[in-house]
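Okay, thanks for having me in the slot today. Let me put the thing on screen, and then I'll walk you through a few parts of it.

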Amino acid sequence: SPTIILENFTTTQKGSSNIRVLGSASDAKLILSGTNTITRPNANGGSVNECGIEIKGAKLTIDCKTHLGGECAGISCEDKLIVKVQKYEYGAAIGATKTQTEGFEVNFDGGYIDVSVSGGGAAIGAGDASQNIAAVININDGYVKATAPAHTVAIGARREIESGDISVNINGVIVEVVSIGDNTKPVINATNVAIEDADVTVKGDVEAKEEVSVTDAKLDLVKRENDTDGGDITGNLAVSDTSVVTAVGGVSGTVTVGAGSSVDVGGTISGTVTVEGGPTINGVTLPEDSGTVTIPADKVDEVTADENGNVTLPAGSTVTKDGETINLLDLAINKFTFIDVFGGQVTLVGEKDHTVDMVVRVADNVKATLVFQNANFKGATETTVQIGTGCQVTVVLEGENTLYKEGILVPPTSSLLVTGQGDLSIHASRNDGVGIGASGSGNYGSIVVDMGGKLNVFSAGDQVVC
């Protein structure tokens, strides 16, 4: 576990990396004292694949000497690290070389950090062709600014992540991430981006293969510097614990907003929006007792509130609470087509003589009970009842219940118990559809039928699994 102290250190070097931290130094520390500058000069028309600070199969922690072991002064810290990479450099300024296959971890625990690139790599993260490594970037204290012009990224991977796993975690600090000019690359590109108790400004786009999570933090996405575009999030967005997220662009994924948080998106949202416990979405605050509300992607701007704070939800939204009873016919008359269940017990009441278009979706990793009382509905374009992954679901039957088009999807990691004294008929008429379990091309989980009534599954489509 070597410790290196940089004190007013300056290095300018082409060729191999200025500083190399290799696997034999698995837990190295770099302590900053004064102003330290690392420069990678222009390669004179050629290309270089190395780094300012190369981390290869190792862990590196960067901290400031003045506040070592304590809280850093952040933007006012006098212990600085400035890394400048000029053109035609395809490694990261701090992180992996262009073709590196070994992963790394870097922790920013203190100091004033200013990293910039102007070539084909990343400021902090993976080099041009090393996007499929496993890497962890933790920004825990101090002040960090990462800048990237055209064809580069500031934090993460320059190329699209395929099999790699690159995590960016920003905790309790002020971070500024800047994309300059006409840059088609996201300024942050990672598998997951987690922001907690931090104040983050992003000039450009953020892309997460899985999710951007914001917890008790502020995230502000604006246009790229000296440009008219930017401020978009690619991936799912989860916001909780009194966080504030503003984006001049849109979100190409689902959005989940928890109690006390606020999300204001200037562009479009391509996935459903789920809000719970009284958050604010695009300037409208929902009541704290509104339960879990799911809003269709193209209807977010139709959420309104009058001068008394009474909120009107657009058609197609659904609200479910533990213990709630939902009349299917009333929902259909008001043009609702989906019911999202996030746990607890929900009773669906229908009428035997009226079939309605309705899809019931149970969220991932929950325990839920669905009570069917003469429920008579069909999934017009999707599987009628969709159980998420990692779920334990009980369906209680009362009266005569019928599902059309398809039945109940049970993923391999979930379980279904069908019980009660009522009857259930499933008419699976869609090709490659689901009776109970999975389609002909899929796998299914645990299914237990322990009921007093009748269960009938009718197959009328090609490759339907009953």
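So, in which sense do strand 19 and strand 21 pair, and over how many bridges? They run parallel, with five bridges between them. Before I go further, keep in mind that this is a predicted model.

Let's stay with that pair for a second. Strand 19 covers residues 199–203, and its Asp199 sits opposite Lys218 in strand 21. Now look at the side chains along strand 21, residues 218–222. Leu219 and Leu221 point to one face and are buried, whereas Lys218, Asp220 and Val222 point to the other face and are not. That's the pattern you'd expect, because side chains in a regular strand alternate between the two faces of the sheet. Strand 21 also pairs with strand 23, residues 244–247, again in the parallel sense, over four bridges. Over there, Val245 is the bridge partner of Leu219.

Zooming out: these strands belong to an open sheet of twelve strands, and the order is 2-5-8-11-14-17-19-21-23-26-28-29. The pairing in that sheet is mixed. At the edges you have strand 2 (10–12) and strand 29 (284–285), each pairing on one side only. Elsewhere in the order, strand 14 (residues 143–148) and strand 17 (residues 174–179) are parallel with six bridges. If you want one position to click on, take Thr147, whose bridge partner in strand 17 is Val178.

There's another open sheet, this one with five strands, in the order 35-38-41-44-47 and with parallel pairing. Its edge strands are strand 35 and strand 47 (436–437). Strand 47 pairs with strand 44 (residues 408–409) over two bridges, and Ile408 stands opposite Ile436 there.

Right, the pocket, since I know some of you will ask. The largest one has a volume of about 640 Å³. It has 31 lining residues, and the closest to the centre are Thr254, Thr256, Thr272, Thr274 and Phe342. By type, the lining splits into twelve nonpolar, 14 polar and five charged residues. Which strand gives the most to that lining? That would be strand 22, with five residues. Several other strands supply at least two residues each, including strand 20 (206–215), strand 25 (255–257) and strand 27 (273–276). Strand 35 (338–341), strand 38 (359–362) and strand 41 (385–387) are also among them, and those three turn up in the order of the five-stranded sheet as well.

Next, cysteines. How many disulfides does the structure hold? Zero. Take Cys72: the closest cysteine sulfur is in Cys77, 3.8 Å away, so that's too far for a bond. The cut-off here is 2.5 Å. Cys72 itself is buried, at 8% relative accessible area. Cys391 is buried too, at 2%.

Last stop, Asn401, which lies in strand 43 (residues 400–405). Is Asn401 buried or exposed? It counts as buried, because its relative accessibility is 2%. So what does a polar side chain reach in there? A polar atom of the Asn401 side chain lies 3.2 Å from the backbone oxygen of Glu398, and the side chain also reaches the backbone oxygen of Asp423 at 3.0 Å.

That's my tour. Happy to rotate the view if anyone wants another look.

Key: Residues are numbered from 1 along each chain as its sequence is written. This is a predicted model: local features need pLDDT of at least 70, side-chain atom pairs count only at pLDDT 80 or more; totals for chains, interfaces and linings use all residues. Side-chain values use heavy atoms; hydrogens and water are left out. Two strands pair if DSSP finds at least two bridges between them. On a 1 Å grid over the protein atoms alone, a cavity is a set of points where a 1.4 Å probe fits but cannot get out, and a pocket is an open set with protein on both sides within 12 Å along at least five of seven lines; lining residues have an atom within 4 Å of a point. Grid points are joined across faces, edges and corners, and a volume is the space filled by probe spheres set on the points. Ala, Val, Leu, Ile, Met, Phe, Trp, Tyr, Cys and Pro count as nonpolar, Asp, Glu, Lys and Arg as charged, and the others, Gly among them, as polar. Buried means under 20% relative accessible area, exposed over 50%, partly exposed in between (1.4 Å probe, protein chains only). A polar contact is a pair of N or O atoms within 3.5 Å; within protein, one must be able to donate a hydrogen and the other to accept it, and residues adjacent in sequence count only if both atoms are side-chain atoms.
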